[in-house]
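User: I'm new to reading structures. Could you take me through this one, and give the reasoning behind each label?

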Amino acid sequence: MSPQNKRTTIYLDETLHRALKMKAIEYSKSISDLVNDAVRESLTEDAEDLLAFDERVNEPLVSYEDMVKRLKKDGRI
């Protein structure tokens, strides 16, 4: 383990753990690498979502009720 890595304990559902173990073997990776990759991907998606929110901050808000009416009017629902 490199000095840049932190050790932690996580508890996984037994079935998820088994699947993760099998995937690690299939891809010749460690479970830690797979978990790090998944967390990194999730955080990247969060960052992209936050950027999208920032880009749309000046757009007018549309209420749920108005959106449903608009969808009905346009024949989408």
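User: Let's begin with Asp66. Where does it sit, and what makes it buried, exposed or partly exposed?

Analyst: This is a predicted model. Asp66 lies in helix H3. Its relative accessible area is 40%. Buried means under 20% and exposed means over 50%. Asp66 falls between those cut-offs, so it is called partly exposed.

User: How far is Asp66 from Thr15?

Analyst: The two are 51 residues apart along the chain. Their C-alpha atoms are separated by 43 Å.

User: What about Glu59? Where is it, and why does it get its exposure label?

Analyst: Glu59 lies in the loop between H2 and helix H3, which covers 64-73. Its relative accessible area is 41%. That value is not under 20% and not over 50%, so Glu59 is partly exposed. Between Glu59 and Lys29, the C-alpha separation is 44 Å, with their positions 30 residues apart along the chain.

User: Why is Pro3 called exposed?

Analyst: Pro3 has 84% relative accessibility. The label needs over 50%, so Pro3 counts as exposed. Pro3 is placed in the segment before H1. From Pro3 to Val57 is 41 Å in space, C-alpha to C-alpha, and 54 residues in sequence.

User: What makes the phi of Ser28 worth a look, and where is Ser28?

Analyst: Ser28 is in the loop between H1 and H2. Its phi is positive, about 55°, and Ser28 is not a glycine. Most residues other than glycine have a negative phi.

User: Is Ser28 buried or exposed, and why?

Analyst: Ser28 is exposed. Its relative accessible area is 68%, and the cut-off is over 50%, so the label follows.

User: How many helices and strands are there, and in what order do the elements run?

Analyst: The chain has three helices and zero strands. From the N terminus, the order is α-α-α.

User: How do you know whether the chain is a compact globule or not?

Analyst: Set the chain against the globule rule. A compact globule of 77 residues would have a radius of gyration near 11 Å. The chain has 21 Å, not the value near 11 Å. Along its principal axes, the C-alpha trace spans about 55 × 30 × 20 Å.

User: How much of the chain is buried, and how much area does it expose?

Analyst: Buried residues are 4% of the 77 in the chain. To be counted there, a residue must have under 20% relative accessible area. The chain exposes about 7,800 Å². Carbon and sulfur atoms supply 53% of that area.

User: Which residues line the largest pocket, and what is its volume?

Analyst: The volume is about 430 Å³. The lining has 13 residues. Lys6, Thr8, Ser32, Val35 and Asn36 lie nearest the centre. By kind, the lining divides into six nonpolar, four polar and three charged residues.

User: What makes the lining of the second largest pocket six nonpolar and two charged?

Analyst: Look at the names. The lining is Ala52, Phe53, Arg56, Val57, Glu59, Pro60, Leu61 and Val62. Arg and Glu count as charged, so Arg56 and Glu59 are the two charged residues. Ala, Phe, Val, Pro and Leu count as nonpolar, so the others make up the six. No polar residue is in this lining. The second largest pocket holds about 200 Å³ of space.

User: How do you know how confident the predictor is?

Analyst: Use pLDDT, which runs from 0 to 100. The mean for the chain is 95, and 97% of its residues reach 70 or more. Confidence is lowest in helix H2, residues 31-55, at a mean of 96. Helix H1, residues 14-26, is highest at 98.

Note on methods
Residues are numbered from 1 along each chain as its sequence is written. This is a predicted model: local features need pLDDT of at least 70, side-chain atom pairs count only at pLDDT 80 or more; totals for chains, interfaces and linings use all residues. Side-chain values use heavy atoms; hydrogens and water are left out. On a 1 Å grid over the protein atoms alone, a cavity is a set of points where a 1.4 Å probe fits but cannot get out, and a pocket is an open set with protein on both sides within 12 Å along at least five of seven lines; lining residues have an atom within 4 Å of a point. Grid points are joined across faces, edges and corners, and a volume is the space filled by probe spheres set on the points. Helices (H or I, at least four residues) and strands (E, at least two) are DSSP runs, numbered from the N terminus. The radius of gyration is taken over C-alpha atoms; the globule rule is 2.2 Å times the number of residues to the power 0.38. Buried means under 20% relative accessible area, exposed over 50%, partly exposed in between (1.4 Å probe, protein chains only). Accessible areas come from the Shrake-Rupley method with a 1.4 Å probe; for residues, only the protein chains shown count as cover.
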